[in-house]
Amino acid sequence: MATALGLSLASAAVVFAQQPGAPQASPSNPELASPAIEQRVDALLSKMTLEEKLGQLVQYNDSGADAAAALAANPESHNNVNSMQLAEQGLLGSMLNTVGASRTNAFQRAAVEKSRLHIPLLFGADIIHGYRTIYPQPIGLAASFDPDLVQSVSHMSAEEATTAGIRWFYSPMVDISRDARWGRTTEGAGEDAYLGAAMARAYILGYQGKTLSDPESVAACVKHFAAYGAAEAGREYNTTDMSEIRLRQDYLPPYKAAIEAGAATVMSAFNALNGVPASANPFLLQTILRGEWGFDGLVVSDYTAIMELENHGIALTPAEATRKALLAGVDIDMMSHFYDTQLPELIRSGQVPMSVVDEAVRRVLRLKFALGLFEHPYARGTEVTAAVPAHRELVRRAAEESFVLLKNDSALPLTTETKKIALIGPLADNAAEMVGSWSGAPQLSDIVTVKQALETRTRQLGGSLTYAQGTTITGSSEDGFAAAVQAARQADVVVMALGESGAMSGEAGSRAYLDLPGNQEQLLKAVAATGKPVVLLVFSGRPLVLDWAATHVAAIMEVWFPGTEAGHAIADVLYGDVAPSGRLPMSFPRAVGQEPLYYNQFPTGRPPRNIDLSQPPGGNSRFFSRYIDVPNDALFPFGYGLTYTQFAYSMPTLSRSIVPLGEARQTGKDLIHATATVTNTGNRTATEVVQCYVRNRGASIEQPVRSLEGFRRVTLKPGESQKVTFDLGFPELSFYDAQGHSVVEATEYTVWIGGSSLASQEGQFKIE
Ligand code: BGC
């Protein structure tokens, strides 16, 4: 919704009882629970008027240099505040998406130098994949299966953005997405809870660094709590409805991992979950977040989410929306303009206890103290205004690790013998579209396009590059086809850069079709008809339907939106300087009608057998859980990705075949070790993502056909082998029962170790 960064921009006065039997967790972030900070909070709070307290609980954007004119032009806007004036009066606690050190410093001066109590503002922004130096979208980073890399790039972006005064990132988005139609798929780690949790942890460690008080650290904001990614039919802001078991097993783990890693803040989601909007949902915000997980940071609403409680139909007035949101546990009102206008009367009439307001204010002040904002309120150091040369190497590596080679009929890597290249497509020379949605504040001139990088390469290699755009991203004109076909005819190899625009994914970017947009597929067909080998680069923020391409072109590589170093990274991988190592964090469907599609589905009572779909359905083959017109499985499954060598796996071995039930119930203990040897059987050094999947059969609750429970990146030279061991304990082997408890039972387990969710070599053990 908000677009300030030039980005895609984009009842109960009851404290809900903790879940029975759930232990009260210890504080999630000790820095926010420090006694020294609490003393300072007490002292400050005791001096604050009600208005000043409420000011800390509202967040506005920069209403512009001429707020008065903007207000006069649009008095009805929810944005109808003069944020500068509020800052001067000490009636504003935080701001969102304020760009540039001069602007944040101007607001900060107003708050620190002019307001009565000199409380600094906290500036938050949607920096989700880089500030000035841009790396791939989170879906691309997830494809790296490399949490260390994610931690490094996250820290790098904090380092850059803090020079503009930003100390709070609305990131990571850890919403699990199993439906590629949902545009925000691009902002998360895909379909799997285990991978999502690993990524969530990495972002928090990167953003928050060793301590929040480090001027280069930013507070993370885990969003959107919760289950926003399960929006029905993949339609943005749509309702979500699911069992508590599914919620806990498949959707909550990444949020929980982020809280355990010390995330300082959480954003409540737009969606309703099982009929209760997440921004007024005591079960999510009290029972789970604060009760079970011991979260001691602050909760901010999503943009106007409190106002939207009226649209949801659970509040008839702004006052009711305010009361429900605050009592449920939302501390800061982002942009609804409700907490400041409604709470005075709600408190006066006793509908909202002052103690609840005070506790929310405390949470805001604790964070400001923990960040050291009272000591260092202004943007630090020299402002970073363009891509940082020293950061380019890291974002180039991040892009390279994010690419997933989906098909390769020996077309890649390109050799030095490949002299004439035709580069075709609307994304081949399109700097603006290399960054995707929520792209921080990049300078377009910093971005390296595919054309720029390949021109340099081909020149260095004594070859030549011919470029033809062919069509636009969503266009229907075929005027450019002839030149594209002509370029292809004269080339040794054709590289096609096709896909989505950044704005086609991200917030409010839901799609009902998942094909290449516009007439790009027709262009692809026209070029492929020349008979020249086609290497297809797919730019997208989500899985697309690539069924035609999968059978008609020589090579396909998913490159997401690679960021500042897009062209260089693509050239490195095309020419084999770097072997691709990304693996799919989300299943790529054969047809959009398969969505939601995910590998760790449930078996059903009628699992499909090996059915010949060329035969008409009927007889014994009909009555299975399947479609009559498309296979059930993904075109490219979760965990899948090729490289320029092959890997072979030994049969997994298990450290024992029986784990006694009593021992299995001990939560902190490794119970069994699963080991396989992986060997590079090809002739190039490359990195394999070794994956461990587990299935549990015989439990009282149906369990998925397999679930990822471990992964490791392993780089091997030709002929080299390595043993890889996964330690499986209670977290990996347990499941949720109907009461929301993690349990193990006397059941049978199958363990697979291999290179994708299709890994077929297995071992077995039992808990008994
Ligand atoms: C998005 C959030 C974002 C917020 C602030 C909302 O529209 O849903 O993810 O953090 O805007 O820009």
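**Interface between domain 1 and domain 2**

In the predicted model, the C-alpha centres of domain 1 and domain 2 are separated by 35 Å. The contact between the two draws on 45 residues of domain 1 and 40 residues of domain 2. Domain 1 spans residues 52–371 and domain 2 spans residues 395–592; the protein is also assigned a domain 3, covering 645–767.

About 3,100 Å² is buried between domain 1 and domain 2, and carbon and sulfur atoms account for 59% of this area. On the domain 1 side, 18% of the area buried against domain 2 comes from I134, A180 and R181, a share that exceeds that of any other three residues.

Polar interactions were examined next. Between domain 1 and domain 2, 20 residue pairs are in polar contact, counting pairs with both residues at pLDDT 80 or more. The side of domain 1 that touches domain 2 includes two elements that each contribute two or more residues, namely α6 (138–143) and α7 (147–161). Of the elements on this side, α6 gives the most, with 5 residues. Classified by residue type, this side of domain 1 comprises 20 nonpolar, 13 polar and 12 charged residues.

Across the interface of domain 1 and domain 2, 1 salt bridge is found. A salt bridge links R184 and E507, with the closest N and O atoms 3.6 Å apart. This separation satisfies the criterion, because a salt bridge requires a side-chain nitrogen of Lys or Arg within 4 Å of a carboxyl oxygen of Asp or Glu.

Notes. Residues are numbered from 1 along each chain as its sequence is written. This is a predicted model: local features need pLDDT of at least 70, side-chain atom pairs count only at pLDDT 80 or more; totals for chains, interfaces and linings use all residues. Side-chain values use heavy atoms; hydrogens and water are left out. Domain bounds come from an automatic or database domain assignment. Contact means heavy atoms within 4.5 Å. Buried area is the accessible area (1.4 Å probe) that two parts lose on being put together, summed over both. A polar contact is a pair of N or O atoms within 3.5 Å; within protein, one must be able to donate a hydrogen and the other to accept it, and residues adjacent in sequence count only if both atoms are side-chain atoms. Helices (H or I, at least four residues) and strands (E, at least two) are DSSP runs, numbered from the N terminus. Ala, Val, Leu, Ile, Met, Phe, Trp, Tyr, Cys and Pro count as nonpolar, Asp, Glu, Lys and Arg as charged, and the others, Gly among them, as polar.
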